[in-house]
Every structure is written in structure tokens, then in C-alpha cells.
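Me: Got a minute to look at a ligand site with me? I'll paste the model here.

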Amino acid sequence: MRRLIPVAGLALAACNVPSEFLQRMEEQAKYEYYETSTFWADGRAMRTPPEGTVPRERLVGDPGLTTGRVAGQFVSALPQSLKVDRALLEEGQKKYNIVCAQCHGRLGDGNSVVAENMALRLPPSLQQIANKPDGHFYVAITEGYGVMPSFAGELNIQERWAVVAYVRALQRARTSSAGGTQPLPQENR
Ligand code: HEC
């Protein structure tokens, strides 16, 4: 295979393929996690961040926004600092369909191919827990819930709230009549 590469390279060069195509960044020399390095005295490639470094993602000063709880209680609604508009709902829809729908179903009703084949515990219908506060959904995404893992690595804070807003939209869509909207159901159905 190795011997074929220069030949393929020549063939591609002949077709005027841009040179960057043949020098993909992901293939260039680089350190992997936990690799050794002769550059640093301690022999490790991974460095300790300077003291006091905080991840760019970490927002401080608004626990309701970042943790979904205030004084140990789930927040009842989306934090005020987030504007619930079409853009937020569309972001939530996109992320829900990528990260959650395969288990909880596109409609949030727990109907999905994965759910049908899950042996351990079925992903619940998110429609049936519409009475739970917004913080409950945010915390489930952030910390995980039972056998469901945390999705904090996949979704940043804003994206998690966007998903919560979209789940609310799915719940409302199920309980609205064509002629107008009804308030959210207050109890399980
Ligand atoms: C791999 C499948 C899977 C994915 C992906 C997944 N979930 Fe779950 N989810 C589950 C399962 C299974 C449970 C029940 C866990 C338990 O009870 O131990 C659950 C539980 C929950 C609960 C708590 C339900 C309750 O009764 O209060 C919420 C809320 C929830 N998921 C929302 C989400 C959201 C939002 C996403 C996307 C960010 C998501 N889940 C992604 C499988 C999944």
C-alpha cells in the first residue's frame, strides 16, 4: 500500500489536484494523548495548564444557567439570559435530532429503532414527563440520568438549554389543538 501512495500522488498531481489535498493536517506529525516527548524535561507531551486557567466554556456567576439548579432545586424555566426565539429552537431541534432522537424518538415519545432493541432499560417518553421543570431536563442532559450518560461533552451549555426548549416544543405540539394552544399538561398521561 505504501508503495502505491507516490504513484497515486503523481496521478492526482497530473489531474491538477490542489497540493493541500495530499498534505492533510490530520496526517501530519503530532503528539497523541499521553505520548512521550524528548522536548520537555519530564518526558511527557501533555502539559499542565497554567494555574488559574478555566475552560472557555465555563461560565461563572449564574448557577441556574450552568447547573440547572438554584439552591439545590431544579430551575423551573429557562434562564432569563437566554432568548427563546426561532434560532434557539432551531438549534435545539438540530441537536436533539443528532444527540437524543435515536433513543427518545424524533417526537420525544420514546419510539425509536434503538429503543425497540435496548435490553437494559427503555428510553422513556419525554412526552410523559412534561410536568417536570426545565431544570430536570437540563440536569439529565448535563449529569446523565440513571443508565443514560451525560451529554455535556456533546452539547455546550447553550445547546443543552436549546434542546430543553425544543423538547418543550415537542411536548406542546403533542398537546395542542389545530385551533390554538393549550397550556402544558400538569400531570402524567
Ligand atoms: C443511548 C440512548 C439515549 C440517548 C442518546 C439519550 N437518552 Fe435520555 N434516557 C435514556 C434512557 C435509557 C433513560 C432512562 C435511564 C434510567 O432510568 O436509568 C433516559 C432518561 C432521560 C431523562 C429522564 C427521564 C425521567 O423519567 O425523568 C431525560 C429528561 C432524558 N433522558 C433526556 C434526554 C435528552 C434531552 C437527550 C439528548 C441530549 C437524551 N436523553 C439522550 C436513553 C438515552
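Reply: Sure. Polar contact here means a pair of N or O atoms within 3.5 Å; within protein, one must be able to donate a hydrogen and the other to accept it, and residues adjacent in sequence count only if both atoms are side-chain atoms. This is a predicted model, where local features need pLDDT of at least 70, side-chain atom pairs count only at pLDDT 80 or more, and totals for chains, interfaces and linings use all residues. Residues are numbered from 1 along each chain as its sequence is written, and side-chain values use heavy atoms, with hydrogens and water left out.

Me: OK, how far is the polar side-chain atom of H104 from a nitrogen atom of the ligand?
Reply: That distance is 2.7 Å.

Me: And which residues have an N or O atom by an oxygen atom of the ligand?
Reply: H136 has a side-chain N or O atom 2.5 Å from a ligand oxygen, and V147 puts a backbone N or O atom 2.9 Å from one.

Me: Switching to the metal: what coordinates the iron atom of the ligand?
Reply: H104 (NE2) and M148 (SD) do, at 2.0 Å. Donors are N, O and S atoms within 2.8 Å of the metal (3.2 Å for Na, K and Ca); water is not among the atoms, so sites may look incomplete.

Me: What's the geometry of the iron site?
Reply: Octahedral, with angles of 85 to 179° among 6 donor atoms. For six donors, that label needs opposite donors over 155 degrees apart and all others between 65 and 115.

Methods. Four donors count as tetrahedral if all angles lie between 85 and 135 degrees; four count as square planar and six as octahedral if opposite donors are over 155 degrees apart and all others between 65 and 115; anything else is irregular.
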